[in-house]
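Student: I'm new to this structure and would like a close look at one part of it. Could you pick a helix and walk me through its residues and their partners?

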Amino acid sequence: MGFIKREKGKSQTSRVALQKTKIPKQKAKEKYLPPRKMVFSSNPLSLSVPDPTFESWLRDSGYLDVIDDHQTAAAATNSSTFTTSDSTITIPITDFLFGYLFSLFSQLWTLLSLFTLNPFSKLTTNDFSGETPSWTKGFFGDFGSYSFPASVSQARLRVHENVKRYARNYASLLILFFACSLYQLPLALVGLISSLALWDIFRFFSDKWGLDRFPLTHLFLIRIAQCATAVILIWLNVQMALCCALGVSYIVMILHAAFRKLTLVKQPSRGRW
């Protein structure tokens, strides 16, 4: 009997050992099971909005910086996919040069297109009535506030929006460039001062003699003063100083507005009804 009990005890211990050895195998099998795909139920409240409609909503809401960042990211992804797909294929040097020249000419075309658009098409008088944006943080910004426009449409968007935002800054730059051009052309400065003095003298004698009671005489003297002013300005090259100031300020405005990234404008707080 004792021998039979020992045999039963050995058989039970062997079964327990076999079960212990099988457990890690089962855990290993469960560990390396392939992951199951998550299946989500459709949400009836989810909406699918087309890109043009969403972009028009962003324009109307004032989130033009989102459109600008989206166009920049789209251009970056297109260029990255082009380079990665070409890196896996051995292409001749002529195709590489062709791609480089194509990108170069596309950038030149974007720059040339800046001078064909009208930057004042969306400018209104209300843009000059607000506060002047900060020169350091708003107008100039940091190095990360500038980037080359990815396309002609992005350049057009930036120019139209930045001209509206920084209209007072560009007007101040025009006055500064005109003052610098007058400093470089002393005769033009003399002509401008003399023309202003001529009109002050005409106003003084008009009030003194009461020329308002004689409209024909008053109008005739005004025409003479205008002709004299035009002769003084042309003879002393005031128009040269004005043209130089307008040209330099226009180039600075176009380049700054095209390369300056769009930033978020503070939205007006909407009160609760």
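Tutor: Let's take helix H6, whose buried residues are Gln154, Ala155, Leu157, Arg158, Val159, His160, Glu161, Asn162, Val163 and Arg165. Here buried means under 20% relative accessible area, exposed means over 50%, and partly exposed lies in between, using a 1.4 Å probe and protein chains only. That leaves H6 mostly covered, with 10 of its 14 residues buried. Helices are DSSP runs of H or I with at least four residues, strands are runs of E with at least two, and both are numbered from the N terminus.

A word on the source: this is a predicted model, in which local features need pLDDT of at least 70 and side-chain atom pairs count only at pLDDT 80 or more, while totals for chains, interfaces and linings use all residues. Residues are numbered from 1 along each chain as its sequence is written, and side-chain values use heavy atoms, leaving out hydrogens and water.

The length of H6 can be checked too. The expected span of a helix is 1.5 Å times one less than its number of residues. For the 14 residues of H6 that should give 20 Å, and the end C-alpha atoms are indeed 20 Å apart, so the two agree.

Now for the charged partners. Side chains of opposite charge can pair when their charged atoms come close. A salt bridge is counted when a side-chain nitrogen of Lys or Arg is within 4 Å of a carboxyl oxygen of Asp or Glu. The whole structure holds two of them. In one, the side chains of Glu161 and Arg165 meet at 3.0 Å, N to O. Both of these residues belong to H6 and sit four residues apart, about one turn of the helix. An α-helix has 3.6 residues a turn, so residues three or four places apart point the same way. Glu161 is buried at 17% relative accessible area, and Arg165 is buried as well, at 16%.

In the other salt bridge, the side chain of Lys164 meets that of Asp127 at 3.2 Å, N to O. This pair links distant parts of the chain, 37 residues apart: Lys164 is in H6 (residues 152-165), and Asp127 is in the loop between helix H4 (93-114) and helix H5 (135-140). Are these two partners buried or exposed? Lys164 is partly exposed, with a relative accessible area of 24%, while Asp127 counts as buried at 18%.

H6 also has a neighbour in helix H4, where Thr110 is found. Contact means heavy atoms within 4.5 Å. Leaving out residues up to four places away in sequence, Thr110 touches Phe148, Pro149, Ser151, Val152 and Ala155. With 6% relative accessibility, Thr110 is buried, and one of the residues it touches, Ala155, is on the list of buried residues in H6.

Finally, let's step back to the whole protein. It has 10 helices and zero strands, and buried residues make up 22% of its 273 residues. Among contacts between residues at least 6 apart in sequence, 86% join residues at least 24 apart. The link from Lys164 to Asp127, with their positions 37 residues apart in the count, is a good place to start looking at how distant parts of the chain come together.
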